[in-house]
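The following exercises are intended for a reader who is meeting this structure for the first time. Please examine the sequence and the model before attempting them.

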Amino acid sequence: MSMDTATTTFTHHPDGADAGKKDPLGFLPFGGPFKTFVDWMSVVIAVWLLLNAVSMIGGGFQMAAGDRAEELFSFAQNPFVGLGIGILATAIMQSSSTTTSITVGMVAGGLPIEIAIPMLFGANLGTTVTATLVALGLSGNKEQFRRAFAMATVHDFFNLIALAIFMPLELATGFLQKTSGAIAHYTSGGSGGILNTIFSGIGDFVDAITEPLVSLAETIVSPLSPVWGGIVLSIGGIALIMVVIGFIGNMLGTLLVGRAQEFLHAALGKGTLSGVLSGAVITTAVQSSSTTTSLTVPLAASGKFHMRDLFPFVVGANIGTTVTGLIAAFSAPPEVAEVAMQTALVHTLFNTFAAIIIMSLPFLRELPPKGAEWLAGLADKNKVYIFIWVGSVFFALPLLAIFITNWVS
């Protein structure tokens with residue numbers, strides 16, 4: 001595989017937008033090392049708020065939908081409907097992990113895996129809308145927004161190419177279904193061992209640090225009806241994302257200099273393979289690709305990192321997010337453990353094979369960045385292209401998939 005041969009050079013953009021960036025905490029009456037410490041702690045707190053915001057959106061949806069959440073998936077009677085439902089549900093819930101976990105549970109309950117696989121494809125694409133919302137939070141600065149929107153949509157283009165490769169392949173050959181079935185036969189059963197314990201522990205930690213604030217927000221909206229309370233909670237989460245990400249973007253613009261910038265460069269990887277691995281590891285830790293990919297948006301917007309340098313990181317995030325589905329499969333009852341594991345493995349194999357194929361072939365690897373730069377250029381000229389893109393990818397595409405199904409049936 002040639003992924004590790006493509007070395008990456010991180011790029012600093014010494015443009016006027018960066019030079020004129022103001023320190024959001026510049027009003028504080030102190031400086032020096034203590035001010036630097038406070039600045040970094042504010043970024044940590046902002047990341048914590050981002051985690052809470054994502055949880056608020058998902059919790060708001062669950063509050064509004066109640067026990068009917070899984071009914072979103074009951075309409076998926078064939079692969080194309082499954083694809084559309086996967087995109088729509090994940091775009092609404094802002095969490096491919098949630099969609100994947102529900103899908104694993106439904107397969108364990110009797111949903112045919114042939115239907116579940118396109119739903120997982122759709123979940124992969126639907127989760128990328130979060131980064132677009134983050135980019136909109138930076139629309140106040142033209143240069144920042146152009147870089148941010150390119151970073152947000154490079155993930156879209158990657159997942160669209162992956163879908164174009166594997167959807168026809170799966171319908172024609174059942175490649176992922178057969179491969180995952182063979183692996184699941186030897187890996188399912190039991191409690192999942194030490195890996196399940198480690199990943200579950202990390203997930204429990206993230207839940208623990210976000211539960212207090214999310215619970216408080218749910219209490220505040222509790223006087224409303226469940227539907228309206230859920231809507232308000234979701235809107236609050238979206239608003240919080242936009243505010244927090246704008247703050248993070250400005251803070252990073254003032255902090256990522258000198259040794260701090262070099263350290264973060266090394267942490268994100270100096271080549272394609274190391275970038276993919278770092279994205280996978282970090283996303284495995286937080287169990288949310290929406291969170292990790294959203295954090296790349298202000299990094300790109302700050303001008304300290306180029307979108308092409310961060311691209312392998314979001315590809316790795318695609319792989320890391322599949323751990324949640326594997327954990328859900330580990331918790332399945334013994335009598336359905338194998339089919340549940342097979343479903344989770346489909347998601348893992350899809351994202352892993354997509355990363356290998358697209359990142360290993362130069363002509364394919366260039367397509368997502370070029371597409372993102374082209375779209376960012378259009379959006380920079382006229383914001384209406386943003387709504388056209390979001391409406392087309394996250395709503396028109398799934399509705400078209402459903403229409404095709406009804407037309408051919």
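Five exercises follow, each with a worked solution.

The model is predicted: local features need pLDDT of at least 70, side-chain atom pairs count only at pLDDT 80 or more, and totals for chains, interfaces and linings use all residues. Residues are numbered from 1 along each chain as its sequence is written, and side-chain values use heavy atoms, with hydrogens and water left out.

**Exercise 1.** Determine how the length of helix α8 compares with the expected span, and what follows the helix.

Solution. Begin with the limits: helix α8 runs over residues 142–173 and has 32 residues. Helices here are DSSP runs (H or I, at least four residues), numbered from the N terminus. Next, take the expected span, which is 1.5 Å times one less than the number of residues. From its first C-alpha to its last, α8 reaches 46 Å, close to the expected 46 Å. Finally, look just after α8, where G174 takes a positive phi of about 70 degrees.

**Exercise 2.** Identify the salt-bridge network that involves E143, and state whether each member is buried or partly exposed.

Solution. A salt bridge requires a side-chain nitrogen of Lys or Arg within 4 Å of a carboxyl oxygen of Asp or Glu. First, E143 and R146 satisfy this with an N to O distance of 2.2 Å. Because they are three residues apart in helix α8, about one helical turn separates E143 and R146. Second, R147 also bridges to E143, with the closest N and O atoms 3.4 Å apart. R147 and E143 are four residues apart in α8, so about one helical turn separates them as well. Shared partners therefore join E143, R146 and R147 into one network. An α-helix has 3.6 residues a turn, so residues three or four places apart point the same way.

For accessibility, buried means under 20% relative accessible area, exposed over 50%, and partly exposed in between (1.4 Å probe, protein chains only). E143 is partly exposed because its value is 25%. R146, at 32%, is likewise partly exposed. R147 counts as buried, because its value is 7%.

**Exercise 3.** Describe the salt bridge between D39 and K35, and give the total for the whole structure.

Solution. The side chains of D39 and K35 meet at 2.9 Å, N to O. Both residues lie in helix α2 (residues 32–65), four residues apart, about one turn of the helix. D39 and K35 are both buried. The search of the whole structure finds five salt bridges.

**Exercise 4.** State where N124 lies, whether it is buried or exposed, and which side chain it contacts.

Solution. N124 belongs to helix α6 (residues 113–126). N124 is buried because its relative accessible area is 2%. The side chains of N124 and H347 are joined by a polar contact of 2.9 Å. Such a contact is a pair of N or O atoms within 3.5 Å; within protein, one must be able to donate a hydrogen and the other to accept it, and residues adjacent in sequence count only if both atoms are side-chain atoms.

**Exercise 5.** Locate L273 and find its separation from P312.

Solution. L273 lies in helix α13 (residues 272–286). L273 is partly exposed, because its relative accessibility is 26%. Along the chain, L273 and P312 are 39 residues apart, while their C-alpha atoms are separated by 7.5 Å.

How values were computed. Helices (H or I, at least four residues) and strands (E, at least two) are DSSP runs, numbered from the N terminus.
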